[in-house]
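Please consider the structure shown below together with its sequence. The explanation that follows begins with strand pairing, continues with one residue of interest, and ends with pockets.

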Amino acid sequence: MAEDLIGTVTHYFGKLQVGIVALTSDVTTGETLRFLGHGADFQQTVRSMQVEHAAVETASAGTEVGVRVANRVREGTKVYRVSAVTQGWFERLKALLLSK
């Protein structure tokens with residue numbers, strides 16, 4: 001399967017639009033994640049992450065990171081890493097244009 005489970009949402013701060021994700025795998029900025037479950041089903045590129053209020057480029061398994069999300073997520077929402085193979089051409093183009 002081209003989507004790998006990398007963590008689960010443990011908390012959501014609505015005013016800040018930040019989801020706290022307990023990681024089971026490493027994550028770096030620039031990767032595309034899919035949030036699935038509990039009413040959420042969307043993909044987005046990680047632009048920034050924070051661990052203990054400090055910005056990081058890479059987060060390792062076993063840590064909890066704060067990720068700004070485009071839509072509301074709830075506790076228990078699963079987070080998957082999306083490989084370029086599963087992304088459609090439009091999503092790849094959108095991610096490329098938004099990263100500039």
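Thr8 has Lys78 of strand E10 as its bridge partner. The coordinates examined here belong to a predicted model, and every statement below should be read accordingly. This pair introduces the contact between two strands: E1, which covers residues 3-13, is joined to E10 by 5 bridges, and the two run antiparallel.

E10 is also engaged by another strand. Strand E4, residues 32-37, is linked to E10, residues 78-82, through 5 bridges, again in an antiparallel arrangement. Two residue pairs illustrate this connection. Phe35 has Val79 as its bridge partner in E10, while Leu33 stands opposite Arg81 of that strand. With respect to solvent, E10 is mostly covered, since 4 of its 5 residues are buried.

The wider setting of these pairings is an open sheet of 8 strands, arranged in the order E5-E4-E10-E1-E2-E9-E6-E7 with antiparallel pairing. Its edges are formed by E5 and by strand E7, residues 54-56, each of which pairs on one side only. On average, neighbouring strands of the sheet are turned by 35° against each other when direction is ignored.

The edge strand E5 contains Phe42. Is this residue buried or exposed? Phe42 counts as buried because its relative accessibility is 11%, and the cut-off for burial is under 20%. What does Phe42 touch, apart from residues up to four places away in sequence? Its contacts are Leu33, Arg34, Phe35, Val69, Ala70, Asn71, Arg72 and Val73. Among them, Leu33 and Phe35 have already appeared, as the residues that face Arg81 and Val79 in E10. Another of the contacts, Val69, lies 27 residues from Phe42 along the chain, and the C-alpha atoms of the two are separated by 9.6 Å.

Attention may now turn to the pockets. Rolling a probe the size of a water molecule over the atoms shows where empty space is left. The largest pocket holds about 390 Å³ of space. Its lining comprises 15 residues, and those closest to the centre are Val18, Ile20, Gln50, His53 and Gly66. Strands E2 (18-23), E6 (49-51) and E9 (64-68) are the elements that each supply two or more residues to this lining. Which of the elements gives the most to the lining? That element is E9, with 5 residues. Classified by type, the residues that line the largest pocket are 8 nonpolar, 4 polar and 3 charged.

The second largest pocket contains about 330 Å³ of space. It is lined by 14 residues, and Gln43, Gln44, Thr45, Arg47 and Leu98 lie nearest its centre. Two or more lining residues come from each of strand E5 (40-45) and helix H1 (89-98). H1 provides the largest share, 4 residues. By class, this lining has 4 nonpolar, 6 polar and 4 charged residues.

Taken together, these descriptions return to strand E5. This strand is an edge of the open sheet, it holds Phe42, and it contributes to the lining of the second largest pocket. Strands E2, E9 and E6, which follow one another in the strand order, contribute to the lining of the largest pocket.

Definitions and conventions. Residues numbered from 1 in each chain as written. Predicted model: local features only at pLDDT ≥ 70, side-chain atom pairs only at ≥ 80, totals over all residues. Heavy atoms only, no water. 1 Å grid on protein atoms, 1.4 Å probe; cavity = no way out; pocket = protein on both sides within 12 Å on 5 of 7 lines; lining within 4 Å. Points joined across faces, edges and corners; volume = space filled by probe spheres on them. Nonpolar A, V, L, I, M, F, W, Y, C, P; charged D, E, K, R; others polar. Pairing = 2+ DSSP bridges. Axes fitted to C-alpha atoms, helices over the stretch in contact; angles between N-to-C directions. Buried < 20%, exposed > 50% of the residue type's maximum accessible area, 1.4 Å probe, protein only. Contact = heavy atoms within 4.5 Å.
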